[in-house]
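Work through the exercises below with the structure open beside you. Try each task before reading its solution.

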Amino acid sequence: MAGIYIHIPFCKQACTYCNFHFSTNLDLQNDFTAALLKEIVLREVYLQGETVETIYFGGGTPSLLSSQALCQILDSVSGHFNISQDPEITLETNPDDIDTNHLDVWRKAGINRLSIGVQSFFSEDLAWMNRAHSGEQAIQAVEDSKKAGFDNFSLDLIYGSPGLTDEKWDFNLHKAISLEPAHISCYALTVESKTALYNMIKTKKTIAMDPDKQASQFLTGVQKLEEAGFEHYEISSFARPGRRSRHNSSYWQSKKYLGLGPSAHSFDGTSRQWNVSNNALYIKSLMAGKVNFESENLLPKDLLNEYIMTSLRTSEGLDLQHVAEHFGKQTGNLLENNASVYIHSNQMVKRHEKLVLTRNGKLFADGIAAALFFD
Ligand code: SF4
């Protein structure tokens, strides 16, 4: 079982906090589609015939793709890969791109899951983030998606921004729940270098993030969403029963995936590859019949550390038997021993041979994982 990720590297405008690979120059869209279609052909052997369970259009802004380009890409993927009978096909969308025409095209093309970048229902916060939509547009976009028959949709929300009071965060959570999504993702606003937000803080145009406020808003989110019947199955991810993101779950289960498009990463079980993060270079290389990428072979310790990092973020936790089977019994024992300090501090529990972070431990997930890494 495997997944395919397709990176669409264009956005209408740059959100202040974003460090993903994208360009606001839309002139290369047609050339990009032509290059991507070539990459699909060149990469058809990467997954070695494994059945593809999930296809995920991410970005950038995939909802900017023309109907023709979207259909061409999906047709080509179906023609060159072994797609399962019941694939999950997700399209990341921004509310300002959602209308009845687009929704109709997406459904007919085979998209069966939408991930909608709401972020907030407060227009002033959206303007501060330089998002291209308003709070009202976000609500309308969700209503239109439901009317068009998309019952499997996820809403993205951001917490911890300077202007987001606890009252506003409560409102965003309640509003999101009332729209009846199958899934909600909540992300803490982080400050990445080379972003407008980084410069805004450096030049004191905005105040820095408050980690205590972020922690308390995270805990509020967990509590409210669990009370509303969502399962908190990964640090940032909440799903109605049976509605987990199959694509993201496959990353956390170390399944193979192929990444197509500039900056996309791939994993074949033993090595990782990443495509060049430059639209012009990506296109140029594919027009010459080559994929421009770098790669690294993963050592057993790299695979183990990735497993520690990803598994601790999930509600299933880190399986000590899996570690013993794949990395040796001694490694499993050492890991359990090293983790005991977090069990004593109530940041972790051991349940049926699995190490699972408590709600408090989830606040420090990345730090705890890093402390457990093997050199
Ligand atoms: S729309 Fe998404 S990818 Fe584009 S700039 Fe905003 S956050 Fe980044």
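Helices and strands here are DSSP runs, with at least four residues for a helix and at least two for a strand, numbered from the N terminus. The model is a predicted one.

**Exercise 1. Find the place of serine 263, and state the sign of its phi.**

Step 1. Look between strands β9 and β10 (265–267). Serine 263 sits in the loop there.

Step 2. Read the backbone angle. Phi of serine 263 is near 75 degrees, so the value is positive, in a residue other than glycine.

Step 3. Set this against the general rule. Most residues other than glycine have a negative phi.

**Exercise 2. Determine what kind of peptide bond joins glycine 59 and glycine 60.**

Step 1. Take omega. For this bond omega is about 20 degrees.

Step 2. Name the bond. Glycine 59 and glycine 60 are joined by a cis peptide bond. Most peptide bonds are trans.

Step 3. Locate glycine 60. Its place is in the loop between β2 (52–59) and α2 (67–80).

Step 4. Check the ligand. Gly59 and Gly60 are among the residues that surround it. The others are Cys11, Gln13, Cys15, Tyr17, Cys18, Phe22, Thr61, Asn94 and Arg131.

Step 5. Sort this shell by class. It has five nonpolar residues, five polar and one charged.

**Exercise 3. Describe the surroundings of lysine 256.**

Step 1. Place the residue. Lysine 256 lies in strand β9 (residues 256–260).

Step 2. List its contacts, leaving out residues up to four places away in sequence. Lysine 256 touches Met1, Ala2, Gly3, Leu47, Gln48, Glu50, Phe267, Asp268 and Gly269.

Step 3. Pick out a polar contact. The side chains of lysine 256 and glutamate 50 make one, at 3.1 Å.

Step 4. Compare sequence with space. Threonine 51 is 205 residues from lysine 256 along the sequence. From C-alpha to C-alpha, the two are 10 Å apart.

**Exercise 4. Work out how helix α6 runs relative to helix α8.**

Step 1. Take the geometry. Helix α6 (residues 166–178) and helix α8 (residues 211–227) pack at about 30 degrees, with axes 11 Å apart.

Step 2. Apply the cut-off. Angles under 35 degrees count as roughly parallel. Therefore α6 is roughly parallel to α8.

Step 3. Add the hand. The crossing of α6 past α8 is right-handed.

Step 4. Name the contact residues. From α6 come Asp166, Trp169, Asp170, Leu173, His174 and Ile177. From α8 come Lys213, Ser216, Gln217, Thr220, Gly221, Lys224 and Leu225.

Step 5. Class them. The contact of α6 with α8 has four nonpolar, five polar and four charged residues.

**Exercise 5. Do the same kind of analysis for helix α11 with α15, then with α12.**

Step 1. Start with α15. Helix α11 (residues 300–312) packs on helix α15 (residues 365–372) at about 155 degrees, with axes 9 Å apart. That makes the pair roughly antiparallel, as angles over 145 degrees count.

Step 2. Give the hand. α11 and α15 cross in a right-handed way.

Step 3. Name the contact. Ile308, Met309 and Leu312 of α11 meet Asp366, Ile368, Ala369 and Leu372 of α15. Six of these residues are nonpolar, none polar and one charged.

Step 4. Turn to α12 (residues 320–327). Its axis and that of α11 come within 11 Å and cross at roughly 170 degrees. These two helices are therefore also roughly antiparallel.

Step 5. Name this contact. Pro300, Leu303, Leu304 and Tyr307 of α11 meet His322, Val323 and Phe327 of α12. Here the classes are six nonpolar, one polar and no charged.

Conventions: Residues are numbered from 1 along each chain as its sequence is written. This is a predicted model: local features need pLDDT of at least 70, side-chain atom pairs count only at pLDDT 80 or more; totals for chains, interfaces and linings use all residues. Side-chain values use heavy atoms; hydrogens and water are left out. Axes are lines fitted to C-alpha atoms, for helices over the stretch in contact, and angles run from 0 to 180 degrees between N-to-C directions. Angles under 35 degrees count as roughly parallel, over 145 as roughly antiparallel, 65 to 115 as roughly perpendicular and the rest as oblique. A crossing is left-handed if the near helix is turned anticlockwise from the far one by less than a right angle, and right-handed if clockwise. Contact means heavy atoms within 4.5 Å. Ala, Val, Leu, Ile, Met, Phe, Trp, Tyr, Cys and Pro count as nonpolar, Asp, Glu, Lys and Arg as charged, and the others, Gly among them, as polar. A residue is near a molecule or strand if one of its heavy atoms lies within 4 Å of it. A polar contact is a pair of N or O atoms within 3.5 Å; within protein, one must be able to donate a hydrogen and the other to accept it, and residues adjacent in sequence count only if both atoms are side-chain atoms.
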